[in-house]
Amino acid sequence: MSDAVIVVDMQNLFVEFVGPAGPGVLAEVNRYVAEAAGRGAPVFYTRDYAPIDLPEGDPEGRLALHPDLDVRGTVVDKGPGKRGGFSGFLLAPVLEPQEGHGGGGLGPLAGLLTRTGARSVTVVGIATDICVAATARDAVRLGYQVTVPLGATAYANPVTGGEHPVLGELRAAGVTLSP
């Protein structure tokens with residue numbers, strides 16, 4: 001078991017986006033949260049504060065964490081995904097379109113995780129091929145042993161007829177993948 005769990009973007013918008021995979025991912029994520037809480041391990045939840053353009057104030061609550069998500073830890077903002085801030089470790093200002101992707105620095109997750117003394121993390125949530133992958137790769141770069149249980153994730157861009165290319169990239173980065 002890992003020392004900490006990072007739950008990536010289990011927000012209404014993304015759970016809806018992955019369609020029929022959403023309920024299964026929620027159940028598996030909740031199982032990892034319950035196991036971590038049972039052993040006193042920290043759980044962190046990332047929330048993309050600007051994945052897309054939404055009406056002012058998000059009146060439909062699309063950015064809120066899904067109501068069925070078991071929240072027993074610290075919620076940290078990350079993003080904006082609409083400007084390339086996919087990793088749970090990044091917090092960037094909303095940039096003008098001509099400025100391109102990125103542009104920010106480490107967000108609060110890096111410091112919070114360091115303070116726990118964790119040496120390993122399990123990364124779960126949505127989307128396997130975007131934000132989960134970016135968070136897992138950055139966790140490796142920051143020195144953590146990282147596991148991504150694929151049953152507790154869902155793809156934004158699934159592939160048919162073979163393994164998703166992101167899985168090879170994650171293995172090459174040093175991420176352990178499990179069913």
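This is a short guided tour of a predicted model, with a selection to make at each stop.

**Whole chain**

Start with everything shown. The protein has five helices and nine strands. Trace the chain from its start, and the order reads β-α-α-β-β-β-β-α-β-α-β-β-α-β. Along the principal axes, the C-alpha trace spans about 40 × 35 × 30 Å. The radius of gyration is 15 Å, which agrees with the value near 16 Å for a compact globule of 179 residues.

Now colour by burial. Of the 179 residues, 48% count as buried. Switch to the surface: the accessible area comes to about 8,200 Å², and 54% of it belongs to carbon and sulfur atoms. Contacts reach far along the chain. Among those between residues at least 6 apart in sequence, 73% join residues at least 24 apart.

**Asp-9**

Select Asp-9, in the loop between β1 (4-8) and α1 (12-17). Its phi is near 50 degrees, a positive value in a residue other than glycine. Is Asp-9 buried or exposed? At 0% relative accessibility, Asp-9 counts as buried.

**Asp-58**

Go on to Asp-58, in the loop between β2 (43-48) and β3. This residue is not a glycine either, yet its phi is positive, about 50 degrees. Asp-58 has a relative accessible area of 17% and is buried, since the cut-off for that class is under 20%.

**Strand β3 and Val-76**

Next, select strand β3, residues 74-78, and pick out Val-76 within it. Val-76 has 2% relative accessibility and so counts as buried. Which residues does Val-76 touch, leaving aside neighbours within four places in sequence? Show Tyr-45, Thr-46 and Arg-47, then Pro-108, Leu-109 and Leu-112. For a sense of scale, draw a C-alpha to C-alpha distance from Val-76 to Gly-151. The two are 75 residues apart in sequence and 23 Å apart in space.

**Two cis peptide bonds**

Move on to Gly-79 and Pro-80. The peptide bond from Gly-79 to Pro-80 is cis, with omega near 10 degrees. Pro-80 sits in the loop between β3 and β4 (90-91).

Then jump to Ile-126 and Ala-127. Here too the joining peptide bond is cis, and omega is about 0 degrees. Ala-127 belongs to the loop between β6 (120-126) and α4.

**Helix α4**

Step forward into α4, residues 128-141. Ten of its 14 residues are buried, so α4 is largely enclosed by the rest of the structure. To see them, select Thr-128, Asp-129, Cys-131, Val-132, Ala-133, Ala-134, Thr-135, Ala-136, Asp-138 and Ala-139. After the helix comes Gly-143, whose phi is positive, near 100 degrees.

**α4 against α5**

Keep α4 and add α5, residues 165-173. How do the two helices pack? Their axes are 10 Å apart and meet at an angle of about 5 degrees. The two helices are therefore roughly parallel to each other. Show side chains at the contact. From α4, select Thr-128, Asp-129, Ala-133, Ala-136, Arg-137 and Val-140; from α5, select Val-166, Glu-169, Leu-170 and Ala-173. Colour them by class, and the contact shows six nonpolar, one polar and three charged residues. Several of these α4 residues were also in the buried selection, among them Thr-128, Asp-129, Ala-133 and Ala-136.

Technical notes
Residues numbered from 1 in each chain as written. Predicted model: local features only at pLDDT ≥ 70, side-chain atom pairs only at ≥ 80, totals over all residues. Heavy atoms only, no water. Axes fitted to C-alpha atoms, helices over the stretch in contact; angles between N-to-C directions. Helix = DSSP H or I, 4+ residues; strand = E, 2+ residues; numbered from the N terminus. Parallel < 35°, antiparallel > 145°, perpendicular 65-115°, else oblique. Contact = heavy atoms within 4.5 Å. Nonpolar A, V, L, I, M, F, W, Y, C, P; charged D, E, K, R; others polar. Rg over C-alpha atoms; globule rule 2.2 N^0.38 Å. Buried < 20%, exposed > 50% of the residue type's maximum accessible area, 1.4 Å probe, protein only. Areas by Shrake-Rupley, 256 points an atom, 1.4 Å probe, with all protein chains shown as cover.
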